[in-house]
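Here's a walk through one protein model, written for someone who would rather look than scroll through tables. Keep the viewer open as you read.

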Amino acid sequence: MIRYGVAFLLSGAIPLLYWLHPAAPILILPAILFLLLGSELIARRGAAPEAPRAPATYRLLPLAYIPAQLGLIAWAMVTAAHASAPGIAALVLSIGLTTGIFGMLTAHEMVHSKDRREQFWGALMLTGMTYRHFRVAHIFGHHRWAATARDAATARLHESFYAFLIRTVPAQLIDAWLFEQARNAKRGWRWLRNRVNHDIAIGLLVFAAAARLGGPRGVVFLALESVVAIAVLEMFNYVAHYGLIRARDAGGRLEPFAPHHSWNSSNVLANPVIFNMGRHSDHHTRPSIPYQTLRHIEDAPELPAGYAGSILLALVPPLWRRIMDPKVQALRA
């Protein structure tokens, strides 16, 4: 279990760094990159030893991390009230990054659960980045339509990350709202039953709480932290399915999702840091399977530099296309 506990160390260091110097939390960014990119250089790729199947024990990690991350966000709202501009910037970047990576991954684990109590914790974590509707768009949109043009969270071939970000954020919100409207079509007052409407109302309440805790600077912190966290989340989405497409047969039936419809990372050191999200193909095949039991699939497509390195490549679109487009074309062929 210690392999999956790195998130606590990185996020927990932020208040200590801020105490040493208000701008010091910015060091979390190179620390995460050094950890993940260093793992890519020194660790082998392949199947890690199978984790002991102890769901109750392993479940404690994401369940414990969520209130810790939410507490960190609340602390930063209060701290922002008296922080300098460099201090607020350091908090926005460090907490936005940890929320977008570790907070998002733990929320993702919970929203896939069949336990309503765990789903609640997942939605609560998403509240900390004001992106609650993601759970609806992800479960009922992405997991149904991944690697198709219908999926707002699948990046098209030749599409830059920046174009993808501008397209996917509003499209996922609209998809989630439309799904909720359709789900409640036969029920009265369906707009009141629409969870996305609830999410918007809760988001406004969260910003009101930020104003109460940290004044205008608390609101600015929450808004910018959410922007960073959402951008980091969508970077994961961008690289995970870039350019991959499911075919249709002569009758128009969509090809079932297969391992070659998702990009993976099989680095045995980096994967535990991101709760095995590098085994993305297996996650799509078995969405409700706990993170520690996700399997390495030998012939699944591999990202060129793991998730961290590939995200850095995606920030430079010409370089990303030069490396990834031939890989996509080879898979399509």
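What follows covers salt bridges, then aromatic rings, then the inside spaces and two residues of one helix.

Before anything else, keep in mind that this is a predicted model.

**Salt bridges**

Let's start with charge. Side chains of opposite charge can pair when their charged atoms come close. A search of the whole structure turns up 11 salt bridges. Three of them are set out here, with the closest N to O distance for each.

| Salt bridge | N to O distance |
|---|---|
| Arg132 and Asp199 | 2.9 Å |
| Arg135 and Asp199 | 2.8 Å |
| Glu180 and Arg183 | 2.8 Å |

Asp199 is a good place to zoom in, as it pairs with Arg132 and also with Arg135. Where do Arg132 and Asp199 sit along the chain? Arg132 is in the loop between helix H5 (116–127) and H6, while Asp199 belongs to helix H9, so this bridge ties together distant parts of the chain, 67 residues apart. The bridge to Arg135 also links distant parts: Arg135 is in helix H6, 64 residues away from Asp199 in helix H9. Are Arg132 and Asp199 buried or exposed? Both are buried, and Arg135 is buried as well.

The Glu180 and Arg183 bridge is a local affair. Both residues lie in helix H7 (residues 161–183), 3 residues apart, or about one turn of the helix. Glu180 has a relative accessible area of 0%, so it counts as buried. Arg183, at 37%, is partly exposed.

Elsewhere, Arg59, Glu109 and Glu118 are joined in a network of salt bridges.

**Aromatic rings**

How many aromatic pairs does the structure hold? There are 18. One of them, Tyr131 with Phe134, is stacked, with 6.2 Å from centre to centre and 20° between the planes. Tyr131 and Phe134 are both buried. Another pair is Tyr238 with Tyr242: the ring centres are 5.5 Å apart and the planes sit at 50°, so the pair counts as tilted. Both of these tyrosines are buried too. Tyr238 and Tyr242 also belong to a cluster linked by ring pairs, together with Phe161, Tyr162, Phe164 and Trp320.

**Cavities**

Now for the empty spaces. The whole structure has 5 cavities of 30 Å³ or more. The largest has a volume of about 160 Å³, and 15 residues line it; closest to its centre are His108, Leu233, Phe236, Asn237 and Met277. Which helices each supply at least two residues of that lining? They are H4 (85–111), H6 (134–145), H9 (195–241) and H11 (280–285). Sorted by class, the lining has 8 nonpolar and 7 polar residues, with no charged ones.

**Two residues of helix H9**

Asn237, one of the residues closest to the centre of the largest cavity, is found in helix H9. Its relative accessibility is 9%, which is why it counts as buried. Setting aside neighbours within four places in sequence, Asn237 is in contact with Phe134, Ala153, Phe164 and Gln172. Phe134 is the ring that stacks with Tyr131, and Phe164 is a member of the aromatic cluster.

Val220 is in helix H9 as well, but this residue is partly exposed, with a relative accessible area of 43%. Val220 and Gln181 are 39 residues apart in sequence, and their C-alpha atoms are 32 Å apart in space.

Terms used: Residues numbered from 1 in each chain as written. Predicted model: local features only at pLDDT ≥ 70, side-chain atom pairs only at ≥ 80, totals over all residues. Heavy atoms only, no water. 1 Å grid on protein atoms, 1.4 Å probe; cavity = no way out; pocket = protein on both sides within 12 Å on 5 of 7 lines; lining within 4 Å. Points joined across faces, edges and corners; volume = space filled by probe spheres on them. Helix = DSSP H or I, 4+ residues; strand = E, 2+ residues; numbered from the N terminus. Nonpolar A, V, L, I, M, F, W, Y, C, P; charged D, E, K, R; others polar. Phe/Tyr/Trp six-rings, centres within 6.5 Å; stacked < 30°, edge-to-face > 60°. Buried < 20%, exposed > 50% of the residue type's maximum accessible area, 1.4 Å probe, protein only. Contact = heavy atoms within 4.5 Å. Salt bridge = Lys/Arg side-chain N within 4 Å of Asp/Glu carboxyl O.
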